[in-house]
Amino acid sequence: MKIVITGGAGGTGSSTAFNLLCGPADHAGYEVVLVDTRPNMITSHSMDLENAEALGATASTVRGGTAEDALDADVVVVSAAVPLRLNTSRMVFLADNARIVRDVLEPLGTAAFQGVVLLLTNPVDPLVTWAHRQGWLPRHQLLGYTLNDSLRLRTGIAQTLGAHPREVDAWVLGEHGDGQVPLYDRVRVAGEPVSLTEAQRAAVEAYTGTWYTRHVALDSGRTSTWTTGLGAARMVGALAAGSEAPVPASVVLDGEYGVNGVSLGVPVTLDRAGAHVLEWDIGAERRHAMEQAAARVDDAVASLDDTLA
Ligand SMILES: NC(=O)c1ccc[n+]([C@@H]2O[C@H](COP(=O)([O-])OP(=O)(O)OC[C@H]3O[C@@H](n4cnc5c(N)ncnc54)[C@H](O)[C@@H]3O)[C@@H](O)[C@H]2O)c1
């Protein structure tokens, strides 16, 4: 498996590489290639990470590379982006990051790329939607990383109920942004269904609803690099080996959940071909929320088309 990380000198990209090198022993050895517009930083990470190979659980390797490495990769993780700055919505990065994503993905479209792209760059749903509309990649080969919303919901529930987050199974679909659609009626703790009281739900939402703004307001200049690198590496592992375990990811929908032609977070299974959408019965209220989230993303893409025209 050749895994190219474009933006690999940055926080999430280098964390993804690290987690791929340390990954579970049942994952195959990966050839991890770091690509970035900061060559010295790539060299720095490669010199550091290649020494960690000796402690790795598999025969994975890491090296620096160039943009051409992506063309024959099995998976391209894209975390290339402009630097984080103070904001209250990921949408402020849409136009600047779309230009970067175009530089990365357009050549893949031209080269009839056969692998899968996992896009981390924000705002992830409009960028996946927009990139798909350019005709560069079929929808199953282009997925956006949205796992963190569900992880934050699991953490919020765990803290509220005094459980360990690992025991909590809880899902957020919809937009990786204001149009989140949490599935409170599917919450399980230690395998058992759990119904939160209004007060418990309010406590959870106080955690999840403010996580992004609280973190950005720290003005640290860093994103959620540890969680995202670990989550992205796990998803690469599922893409490589194939997995029946559902995970959330943003995929352009083709009528599923009442949405057409817009990418939103939905449950998927992963294998070498990419993402396969699972259609769960989420009820009329949440289907409506999915449609509203799709309208928000669609509006953002329309504004982007105007900006880039
Ligand atoms: N989807 C999610 O849940 C999630 C989670 C965390 C971060 N993110 C997003 O991921 C992106 C990256 O975050 P980060 O913390 O790694 O940022 P970062 O600033 O640390 O890294 C971005 C890297 O992209 C590189 N880059 C810029 N233009 C490039 C180009 N044309 N080609 C190759 N490399 C290029 C930069 O040199 C830099 O090393 C941001 O958009 C962030 O919001 C998404």
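Which residues come nearest, of the 32 around the ligand? In this predicted model, in which local features need pLDDT of at least 70, side-chain atom pairs count only at pLDDT 80 or more, and totals for chains, interfaces and linings use all residues, they are Gly7, Gly10, Gly11, Ala80 and Ala81. Residues are numbered from 1 along each chain as its sequence is written. A residue is near a molecule if its C-beta atom, placed from the backbone, lies within 6 Å of it.

Helix 1 (11-21), helix 3 (94-110) and helix 8 (225-241) each give two or more residues to the shell around the ligand. Helices are DSSP runs (H or I, at least four residues) and strands likewise (E, at least two), numbered from the N terminus. Helix 3 gives the most, with 4 residues. By class, the shell holds 17 polar, 11 nonpolar and 4 charged residues. Here Ala, Val, Leu, Ile, Met, Phe, Trp, Tyr, Cys and Pro count as nonpolar, Asp, Glu, Lys and Arg as charged, and the others, Gly among them, as polar.

The UniProt record, an unreviewed entry, lists Gly7, Gly8, Ala9, Gly10, Gly11, Thr12, Gly13, Asp36 and Asn97 under "binding site". UniProt positions follow the numbering used here, feature names are shortened, and annotations may be inferred rather than shown by experiment.

Two of the listed positions were examined further. Glycine 8 sits in the loop between strand 1 (2-6) and helix 1. Glycine 8 is buried, with 30 other C-beta atoms within 10 Å. The term buried requires 20 or more such atoms within 10 Å, exposed 12 or fewer, and partly exposed a count in between, with C-beta atoms placed from the backbone. Beyond four places in sequence, the contacts of glycine 8 include Leu34, Val35, Asp36, Ile42 and His45. Contact means that the C-beta atoms of two residues, placed from the backbone, lie within 7 Å. Threonine 12 belongs to helix 1. Threonine 12 is also buried, with 26 other C-beta atoms within 10 Å. Not counting residues up to four places away in sequence, threonine 12 touches Ser79, Leu120, Thr223, Thr225, Thr228 and Gly229.

The protein chain divides into domain 1 (2-145) and domain 2 (147-308), with bounds from an automatic or database domain assignment. Their centres, taken over C-alpha atoms, are 20 Å apart. Between them, 41 residues of domain 1 are in contact with 42 residues of domain 2. The side of domain 1 that touches domain 2 comprises 23 nonpolar, 15 polar and 3 charged residues. Both domains give residues to the shell around the ligand, so the ligand lies between them.
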